[in-house]
Amino acid sequence: MSEIRALSYFVAQIDDLQKWRDYAENVLGMMTSDAPGGGLYIKMDDRPFRMLVLEGAPDQYLASGWELASKSAFDAMLARLQALDVEYRVQDAEFCRQRGVNEAVVLHDPCGNRHELTWGYLSDCAPFVSPQGVPRFLTGDMGLGHTVLPAPNFDACASFYRDVLGFEISDIFNFRPDPSGPAIRIHFLHCANARHHSLAIAEYDVPSKCVHVMVEVDSMTEVGRAHDRRIAQGVPLSATLGQHLNDKMTSFYMKTPSGFDLEYGWGGLQVDWDKHTAFEFTSVSIWGHDFGVGQQGEQQ
Ligand SMILES: [Fe+2]
């Protein structure tokens with residue numbers, strides 16, 4: 001099992017922070033505040049932030065923040081990076097203050113996706129009080145949710161996540177848009193928590209540098225209420241309501257202000273990895289999840 005405990009945060013970039021402030025508060029139902037050193041904190045639990053948005057161009061996803069459980073786990077990971085000749089950069093105090101961690105390093109996968117490995121998060125124990133009355137998001141030891149990253153150079157990336165960062169395959173989806181053509185591979189990967197996948201890698205590129213990020217609420221009611229807010233705020237739908245086959249998540253997908261998608265769901269599988277058997281599936285959802293609506297630019 002990986003030393004990585006969970007996806008603790010992500011970093012996105014946008015030309016105008018107000019777009020994310022409005023989206024977080026009015027659509028996601030999360031809290032916002034100014035981040036130290038600039039940028040926007042988006043808070044979804046008792047931590048100061050789970051999303052950090054920085055001002056800049058272009059609008060895109062910038063980085064995934066991965067948490068190690070302890071200083072010794074962090075040091076063991078750095079020793080492994082050194083042994084495998086993987087380059088990383090130790091970050092300074094100002095960087096760590098903005099990320100709210102004790103120590104951090106930055107590294108890139110073979111496809112150029114940026115990762116920030118950290119340990120020792122700072123907590124002010126301030127409660128989460130949703131501006132939209134969302135009771136809670138499922139986070140804690142399972143992290144903020146999951147992220148799906150573009151991996152056109154798939155074999156190199158798959159090996160990087162398994163052999164360097166220590167992720168393990170939960171299961172595999174080989175997508176064939178043309179039944180007689182080649183498969184587009186998606187690997188769903190887990191680390192040291194019960195969430196079915198904290199990361200997935202997809203064998204294609206996307207301009208926003210993230211396929212989607214998932215956040216999870218504790219009831220179908222809250223998914224429906226978020227969907228109502230999406231409509232009220234005119235946020236484009238990317239995929240209709242549906243239920244995934246592998247992690248059983250019931251969710252819909254919509255655009256974020258930085259151009260990548262966000263999956264808003266509930267009921268995701270929590271796995272006892274000692275009893276799990278990896279498998280390959282041929283349909284991504286049991287029902288729903290029509291991504292055609294996003295490609296057509298439909299609003300509802
Ligand atoms: Fe997802």
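**View 1. The second largest pocket of the predicted model, with Arg-47, Glu-67, Tyr-121, Gly-140 and Asp-141 nearest its centre.** In this predicted model, the second largest pocket is lined by 14 residues and holds about 190 Å³ of space. Two elements, strand E5 (60-68) and strand E8 (114-121), each give two or more residues to this lining, and the largest share, three residues, comes from E8. When the lining of the second largest pocket is divided by class, seven residues are charged, four are nonpolar and three are polar.

**View 2. The iron ion and its protein donors.** The iron ion is held in the model by NE2 of His-146, NE2 of His-212 and an OE atom of Glu-263, which lie 2.0 to 2.2 Å from the ion. Along the sequence these donor residues follow the spacing H-x65-H-x50-E. His-146 belongs to strand E9 (residues 146-150) and His-212 to strand E13 (residues 212-216), so the pair ties together parts that are 66 residues apart in sequence. Both His-146 and His-212 are buried.

**View 3. The largest cavity, with the iron donor His-146 in its lining.** The structure holds one cavity of 30 Å³ or more, and about 60 Å³ of space lies in the largest cavity. Besides His-146, the residues that line the largest cavity include Met-142, Arg-195, His-196, His-197, Met-214 and Glu-216, and also Asp-247, Met-249, Gly-268, Leu-269 and Gln-270. By class, five residues of this lining are polar, four are nonpolar and three are charged.

**View 4. The largest pocket, with Tyr-204, Val-211, Asp-261, Phe-291 and Gln-295 nearest its centre.** The volume of the largest pocket is about 880 Å³, and 37 residues make up its lining. Of the residues in the lining of the largest pocket, 18 are nonpolar, 15 are polar and four are charged.

**View 5. The two spans that UniProt assigns to the feature "domain: VOC".** The UniProt record, an unreviewed entry, places this feature at residues 6-120 and at residues 143-267. In the span of residues 6-120, the end C-alpha atoms lie 13 Å apart, and the secondary structure comes to 28% helix and 42% strand. In the span of residues 143-267, the end C-alpha atoms lie 15 Å apart, with 19% helix and 39% strand.

Note on methods
Residues numbered from 1 in each chain as written. Predicted model: local features only at pLDDT ≥ 70, side-chain atom pairs only at ≥ 80, totals over all residues. Heavy atoms only, no water. 1 Å grid on protein atoms, 1.4 Å probe; cavity = no way out; pocket = protein on both sides within 12 Å on 5 of 7 lines; lining within 4 Å. Points joined across faces, edges and corners; volume = space filled by probe spheres on them. Nonpolar A, V, L, I, M, F, W, Y, C, P; charged D, E, K, R; others polar. Donors = N, O, S within 2.8 Å, 3.2 Å for Na, K, Ca; no water. Helix = DSSP H or I, 4+ residues; strand = E, 2+ residues; numbered from the N terminus. Buried < 20%, exposed > 50% of the residue type's maximum accessible area, 1.4 Å probe, protein only. UniProt positions renumbered as here; feature names shortened; annotations may be inferred.
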